[in-house]
Amino acid sequence: MEARFDLYQLRVKRFGDILMSAVLLVVLSPLLLLIAVSVRTALGAPILFRQQRPGLNGTPFTLVKFRTMRIESPANGTKLGDAERLSKFGRWLRTTSLDELPELLNVLRGQMSFVGPRPLLMEYLPRYTPIQARRHEVRPGITGWAQINGRNALSWKEKFELDVWYVENASFKLDFSILLRTVAAVITRSGINSEGHATVAPFMNEEPLS
């Protein structure tokens, strides 16, 4: 089983990622250009949001997305929260998941896959339990098992349990099912936000490490 898993992850899945991301970048290039112009018009420069995220085995890479938040600081120097910085246009980009399209470049470069646990923040790495850290045994994904089972409406504990379940059960059939269900989740715009937050509350892991 482990040998079959390695073959799928390292060869079959990677070949599919390269082929699909290359085709989609070409086919969607007019849409990417339109969104880029819209972001520049609505939010100014920069068009892309770049941030270091942990990839396979926790190795850092630079994730790219379309920017959805304002970057200007208030006159009194008080730091704005996500809800204040998230523009109406940016919220629409997020609810349609169009802000994720530049991640196709991360997939093409081998830093991400179409399906896998979502890449979170670097600062979360020391907060994971050993079991939760298993989510980094595969490449992070644009979509994943947690995304089609609640996305940001899930608790962190529930999310990580789903991520680890995916790591232990990854297969072509499962990935294909996740991709199909992702289309439905995007259309219905389900689980975009968590209650009381513009996106999701930070992961602090108040449970004891074990």
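Here are some worked exercises on this predicted model.

**Exercise 1. Find out where Q132 sits and whether it is buried or exposed.**

Solution. Start with the address: Q132 belongs to the loop between β3 (113–115) and β4 (141–143). Next, check its surface. The relative accessible area of Q132 is 10%, and buried means under 20%, so Q132 counts as buried. Finally, look at who it touches. Skipping neighbours within four places in sequence, Q132 makes contact with R127, F160, V164, F203 and N205. Keep F203 in mind for the next one.

**Exercise 2. Work out how the rings of Y124 and F203 pair, and which parts of the chain that pair ties together.**

Solution. A search of the whole structure turns up ten aromatic pairs. For Y124 and F203, the ring centres are 5.6 Å apart and the planes meet at 80°. Planes over 60 degrees apart count as edge-to-face, so that's the label for this pair. Now place the partners: Y124 is in the loop between β3 and β4, while F203 is in the segment after α7 (172–188). The pair therefore ties together parts that are 79 residues apart in sequence. Both Y124 and F203 are buried.

**Exercise 3. Do the same for Y128 and F203, then say which aromatic cluster they belong to.**

Solution. Here the rings are 5.7 Å centre to centre with 25° between the planes, and the pair is stacked. Y128 lies in the loop between β3 and β4 and F203 in the segment after α7, so this pair ties together parts 75 residues apart in sequence. Y128 is buried, as is F203. Now zoom out: Y124, Y128, W156, F160 and F203 make up one aromatic cluster. One of those rings, W156, also has a charge over it: the charged end of K159 sits 4.3 Å from the ring's centre.

**Exercise 4. Check the span of α7 against expectation, then decide how its buried residues are arranged around the axis.**

Solution. Length comes first. With 17 residues at 1.5 Å a residue, α7 should span 24 Å, and its end C-alpha atoms are 25 Å apart, which agrees. Now list what's buried: L174, D175, I178, T182 and A185. Looking down the axis of α7, the buried residues fall within an arc of 90°, so they line one face of the helix. That fits a handy rule: an α-helix has 3.6 residues a turn, so residues three or four places apart point the same way. On the other side of α7, the exposed residues are F172, K173, L180 and I187.

**Exercise 5. Describe the largest nonpolar core and say which element gives the largest share of it.**

Solution. Count first: this core has 28 residues, and I35, F66, W145, Y166 and I178 have the most contacts inside it. At least two residues each come from α2 (29–43), β2 (60–66), α5 (103–108), β3, α6 (156–169) and α7. The largest share is five residues, from α2. For a close-up, take W145: beyond neighbours within four places in sequence, W145 contacts L162, W165, Y166, L174, I178 and R181. Another core, of six residues, lies apart from the largest one; L120, Y124, W156 and F160 are among its members.

**Exercise 6. Classify L31 by accessibility and name the residues it touches.**

Solution. L31 is part of helix α2. Its relative accessibility is 31%, so L31 counts as partly exposed. Not counting residues up to four places away in sequence, L31 touches L98 and L101. The C-alpha atoms of L31 and L101 are separated by 9.5 Å, with their positions 70 residues apart along the chain.

Terms used: Residues numbered from 1 in each chain as written. Predicted model: local features only at pLDDT ≥ 70, side-chain atom pairs only at ≥ 80, totals over all residues. Heavy atoms only, no water. Helix = DSSP H or I, 4+ residues; strand = E, 2+ residues; numbered from the N terminus. Buried < 20%, exposed > 50% of the residue type's maximum accessible area, 1.4 Å probe, protein only. Contact = heavy atoms within 4.5 Å. Phe/Tyr/Trp six-rings, centres within 6.5 Å; stacked < 30°, edge-to-face > 60°. Lys NZ or Arg CZ within 6 Å of the ring centre and 35° of its normal. Expected span 1.5 Å × (residues − 1). Arc of directions from axis to C-beta. Core = buried A, V, L, I, M, F, W, Y, C linked by side-chain atoms within 4.5 Å.
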